[in-house]
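Please load the model in your viewer and keep the selection panel at hand. The stops below are meant to be followed in order, each with something to select and something to look for.

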Amino acid sequence: SKGHSVVLYDVVPEAVSALTAKGARGAASPAEVAAESDLIVTMLPNNAIVSNVYEGQDGIFSSVKSGAFLIDSSTVDPALSKDLAVKAAAAGCQFVDAPVSGGINAAAAGTLTFMVGANSDQEFAKAEMLLSKMGAKITHCGGVGTGGAVKICNNMLLAVSMIGTSEAMNLGIKLGLDPKLLAGILGSATGRCWSVDTYNPCPGVMENVPSSNDYKGGFGTALMTKDLGLAQDAATRAQAATPLGSLSHQIYRVMCNAGYAEKDFSSAFKFLREQDK
């Protein structure tokens, strides 16, 4: 619908079927996608999978066209993005990292935010042309790897704010406040944040968010835990103090071990409620 023909691959057959029903064509591997594409976008869960998709036996680099333009929208270690950019250049290609933020509602509306690490203005402009079909705000953050750096800073802050919102909502309910009233006031007071007014973690406060669907869908706790790990690794290398980021990482790791790994990360509210019992 945006003027591009699409060839895609996913390890989940249903994901491929959903798009082939709309006119896309499925492929048997990343290598097959690369062999037939001039513009390639990847969005994958972690460092190991990204590395395999690009460098594996049936990976993108095994068959990529010279001159192809590669965009990785995964949230991974910025060092991996830099390494892939070097290998892409050796294959005659251009590579940018462009992590994404906004959540499931922004994805459906086409209003996502992309944070782009590109080594030149020309490469950013080329990425922007394609990413503008999926997002509303596309920002050039610097060279390859800086998009990922912004993303892990954002997600560390998001985790801290989600835990804080969950604690505030839980305390307010314990003090006898109506959760919708509390969320409404917080959303117009100095405690306002995205976790309060757009993605509230308390069930029943908002429609069309994971908290009102038993924390299904959205952004999984396991993925948030992975991103917090990336932030802590980066903080160690940069010698940056991130005490709340570290504590949030610990809390989300405990949540994963307690059965929350596949639930949306806003299930921190449910986790806290269960600790009160």
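Select Q239 to begin, bearing in mind that this is a predicted model: with a relative accessibility of 75%, Q239 counts as exposed, because the cut-off for that class is over 50%. This residue sits in the loop that joins α10 and α11, and its phi is near 55°, a positive value in a residue other than glycine.

Now move to D214, which belongs to the loop between α9 (194–197) and α10. Phi is near 55° here, again a positive value in a residue that is not glycine. The relative accessibility of D214 is 41%, so this residue counts as partly exposed.

Next, select helix α11, residues 243–260, and colour G245, S248, H249, Y252, M255 and Y260, which are the buried positions. Around the helix axis these residues cover an arc of only 125°, which places them on the same side of α11. A general point about helices helps here: an α-helix has 3.6 residues a turn, so residues three or four places apart point the same way. If you then rotate to the face of α11 turned away from the buried side, you will find the exposed residues P243 and N257. To see what covers the buried residues of α11, add α7 (146–174), α10 (221–238) and α12 (268–275), which are among the covering elements.

The following stop is helix α6, residues 121–131, in which E123, F124, A127, L130 and L131 are buried. Look down the axis of α6: its buried residues fall within an arc of 125°, so they line one face of the helix. On the other side of α6, the residues D121, Q122 and M129 are exposed. What lies over the buried residues of α6? The cover includes the strands β3 (39–42), β4 (69–72), β5 (94–97), β7 (112–117) and β8 (135–142).

Finally, zoom out to the whole protein chain, which has twelve helices and eight strands. Its C-alpha trace spans about 65 × 45 × 35 Å along the principal axes. For 277 residues a compact globule would have a radius of gyration near 19 Å, and the 20 Å of the protein chain agrees with this. Colouring by accessibility shows 42% of the 277 residues as buried, while the exposed area is about 13700 Å², with carbon and sulfur atoms supplying 56% of it. Selecting the charged side chains gives 21 positive and 25 negative ones, and the centres of the two sets lie 4 Å apart.

Methods
Residues numbered from 1 in each chain as written. Predicted model: local features only at pLDDT ≥ 70, side-chain atom pairs only at ≥ 80, totals over all residues. Heavy atoms only, no water. Helix = DSSP H or I, 4+ residues; strand = E, 2+ residues; numbered from the N terminus. Rg over C-alpha atoms; globule rule 2.2 N^0.38 Å. Buried < 20%, exposed > 50% of the residue type's maximum accessible area, 1.4 Å probe, protein only. Areas by Shrake-Rupley, 256 points an atom, 1.4 Å probe, with all protein chains shown as cover. Lys, Arg positive; Asp, Glu negative; His and termini not counted. Charge placed at Lys NZ, Arg CZ, Asp CG, Glu CD. Arc of directions from axis to C-beta. Contact = heavy atoms within 4.5 Å.
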